[in-house]
Number of protein chains: 2
Amino acid sequence: MDRIPILKMGDCLLVTIQVDMHDQLAVSLQEDLTDQIAKHAARGVLIDISSLEIVDSFIGRMLANIAAMSRVLDAQTVLTGMQPAVAITLVELGMTLPGIRTALNVERGMELLRGYIQKDDELQENDGSEE
Amino acid sequence: MDRIPILKMGDCLLVTIQVDMHDQLAVSLQEDLTDQIAKHAARGVLIDISSLEIVDSFIGRMLANIAAMSRVLDAQTVLTGMQPAVAITLVELGMTLPGIRTALNVERGMELLRGYIQKDDELQENDGSEE
């Protein structure tokens with residue numbers, strides 16, 4: 001298995017990370033994800049890490065990169081399912097996840113994404129009406 | 001990673017199989033899935049195998065088992081994302097996936113599940129009104 005599947009759900013994409021990430025896998029995930037965002041004009045990306053027991057600086061940077069790439073492609077990113085132990089370690093190590101919003105589980109993450117997308121749409125409408 | 005994450009989406013559960021299944025992993029998936037169905041009173045199970053390049057008789061049997069277990073717990077199972085090569089191999093080897101319905105992708109699978117759940121509800125309502 002050398003690719004992480006990306007599932008399309010409405011105008012959002014869902015990725016569940018289950019395997020240990022290595023360089024090549026991280027690069028292909030970023031490529032696939034940006035491709036899929038462009039292809040489907042996706043508005044949101046939901047990344048579930050509930051099966052990750054360790055989030056090190058490599059994974060943290062990869063997640064931040066994905067969020068930044070998605071943002072410039074006009075898609076929001078939400079990270080879900082972080083294990084409590086991972087949250088503790090992140091804070092203790094002083095690691096931040098810049099530009100990434102989190103939610104407890106996929107359901108709440110989807111709600112959050114829908115909220116962001118709606119707010120984005122409203123802002124764009126307002127921009128349009130002011131011009 | 002010794003467990004496959006099960007994501008709750010509304011009254012359905014979503015499982016994406018990304019790693020090679022071995023005995024222990026298959027057993028824990030079956031246990032976790034039945035636990036989660038009972039816990040959340042889930043009505044549907046969606047299993048995505050888009051990253052599996054091989055579906056052998058072991059995986060086929062595991063999928064059929066999951067479908068049978070879900071059925072007795074009053075949940076429908078839909079399999080999505082089968083790669084064309086896998087479909088060809090399945091038919092050529094004469095393997096059937098008894099009791100499993102399939103859909104092209106997660107979106108269609110969810111639609112299918114909703115349809116089944118609705119039909120189930122209607123049948124149960126009719127049963128009730130006849131008594």
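A salt bridge is taken here as a side-chain nitrogen of Lys or Arg within 4 Å of a carboxyl oxygen of Asp or Glu. By this rule, two salt bridges cross the interface of chain A and chain B. In one of them, the side chains of A:Glu107 and B:Lys8 meet at 3.2 Å, N to O. Seven residue pairs between the chains are in polar contact, both residues at pLDDT 80 or more. A polar contact is a pair of N or O atoms within 3.5 Å; within protein, one must be able to donate a hydrogen and the other to accept it, and residues adjacent in sequence count only if both atoms are side-chain atoms.

The model is predicted; local features need pLDDT of at least 70, side-chain atom pairs count only at pLDDT 80 or more, and totals for chains, interfaces and linings use all residues. Side-chain values use heavy atoms, without hydrogens and water. Chain A averages a pLDDT (the predictor's confidence in each residue, from 0 to 100) of 90, and 97% of its residues score at least 70. The complex receives an ipTM of 0.80 and a pTM of 0.86 from the predictor.

Contact (heavy atoms within 4.5 Å) joins 22 residues of chain A to 22 residues of chain B. Together the chains bury about 1900 Å², 63% of it on carbon and sulfur atoms. Buried area is the accessible area (1.4 Å probe) that two parts lose on being put together, summed over both.

A turn of 180° and a shift of 0.0 Å along the axis lay chain A on chain B with an RMSD of 0.0 Å. Superposition is by least squares on the C-alpha atoms of residues with pLDDT of at least 70 in both copies. The two copies are thus related as by a two-fold rotation axis. The same surface serves both: 100% of the contact residues of chain A recur in chain B.

Conventions
Residues are numbered from 1 along each chain as its sequence is written. Chains are lettered from A and ligands numbered from 1 in the order in which they are written.
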